[in-house]
Amino acid sequence: MKNIVCVTGTRPEAIKMAPVILELKKNSDFNVTTLATGQHTDMLRQALKDFGIVPDVDLNIMKQAQSLDYITSSVLQGVGKFLDENRQDLILVHGDTSTTFAAALAGFYRHVPVGHVEAGLRSHNLALPFPEEANRILTDGIADLFFAPTEGDAENLRHEGKSENIFITGNTVIDALYDILERRKGMTEPDYIQKIQDRPMILMTAHRRESWGKTLEGICAAVIDIIEERNDAVFLIPLHKNPAVRDVIKNILKDFSENVIFTEPLNYPEFVYAMNKSFFILSDSGGVQEEASAINKPVLIMRTLSERPEAVTHGTCILAGTERENIRREALKILNEPEYLKSIIAKNKMPFGNGTAAKQIHGIIRKFLDIQ
């Protein structure tokens, strides 16, 4: 049997790797180990649980106020120790986190082939997002197998000198989304729906490191501006666990309880439900851009650029930037102009695949490991 270890550290990684893990586990030729680093412990475990996955190995590295140095070195040593004690034929990592880069580096140091799921994404600005842009460039620099979601991502890799083992598969988050949408049918509505009723609900998520501080304060000020002009609007805000995010949002918006609903981080089925229920989404997330395009929901991206340009050119996303006035203006345009909303949805060509990425990755790995 061929030994494959799938490494995840954060909630988005777990969601996007889950379809791959489940697909690989169907094959009796593979011995699949799920290794959780615990970069975000509770959120990671919950996301895996949503797909019925229990980690075989959990490094459990998370601690209060953890630095990037700590995360990177702890994952590098922890994954390295696992690889020293357990021979592997392939290590699979996902995306752009510190877990991704450090786990790939541990494999590289031991001559274990590295497969990068969601390879090739680029913002072409090392500071945006930080440190994710550097993490994905460094990971692609030492990887052996590249699973690129789109042709644009593959072209980025070719431009950087990669010429072999580049495969365009679509994004595995679409696999995960379709799975959850099917399983979500008939489930009980969450309590907050009673408060929303027929009012336009805006789902807002904010967590990126470059958004901390004044930028996040400006985003919250834009929320207040929107509420003042559209008092019927309701914002659903799942609060990130990091105090640098949640404390700022709660402190600024705490007096707007008629228009703002705070929740703890939603598990993935609940989050998919909230996306579907929303009028539009306000977010600095990467994955949301892909998911929303798959379900025809507009997203105002609270960033100045996106490493997923297809989401803007062929999906349902709009770069709103981080300035208070820009966010206010774009949000009110969607709320107040039905024809504008229709035009966003009409241009959507669903650029991130058809939900078969995991099956494609499975087949590619079989060939790469010379399994007939």
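A charge sits over a ring if NZ of Lys or CZ of Arg is within 6 Å of the ring centre and within 35 degrees of the ring normal. The model is predicted: local features need pLDDT of at least 70, side-chain atom pairs count only at pLDDT 80 or more, and totals for chains, interfaces and linings use all residues. Residues are numbered from 1 along each chain as its sequence is written, and side-chain values use heavy atoms, leaving out hydrogens and water.

**Exercise 1.** Find the ring that Lys63 lies over.

Solution. Lys63 lies over the face of Tyr70. The distance to the ring centre is 4.2 Å.

**Exercise 2.** Compare the expected span of helix H4 with the distance between its end C-alpha atoms.

Solution. Helices are DSSP runs (H or I, at least four residues), and strands likewise (E, at least two), numbered from the N terminus. The expected span is 1.5 Å times one less than the number of residues. For the 12 residues of H4 (residues 98-109) this gives 16 Å. The end C-alpha atoms are 16 Å apart, which agrees.

**Exercise 3.** Decide whether H4 is largely enclosed, and name elements that it packs against.

Solution. Buried means under 20% relative accessible area, exposed over 50%, partly exposed in between (1.4 Å probe, protein chains only). In H4, 10 of the 12 residues are buried, so the helix is largely enclosed by the rest of the structure. Among the buried residues are Phe101 and Leu105. Phe108, by contrast, is partly exposed, with a relative accessible area of 43%. The buried residues pack against elements including strand S1 (2-8) and helix H5 (132-142), where contact means heavy atoms within 4.5 Å.
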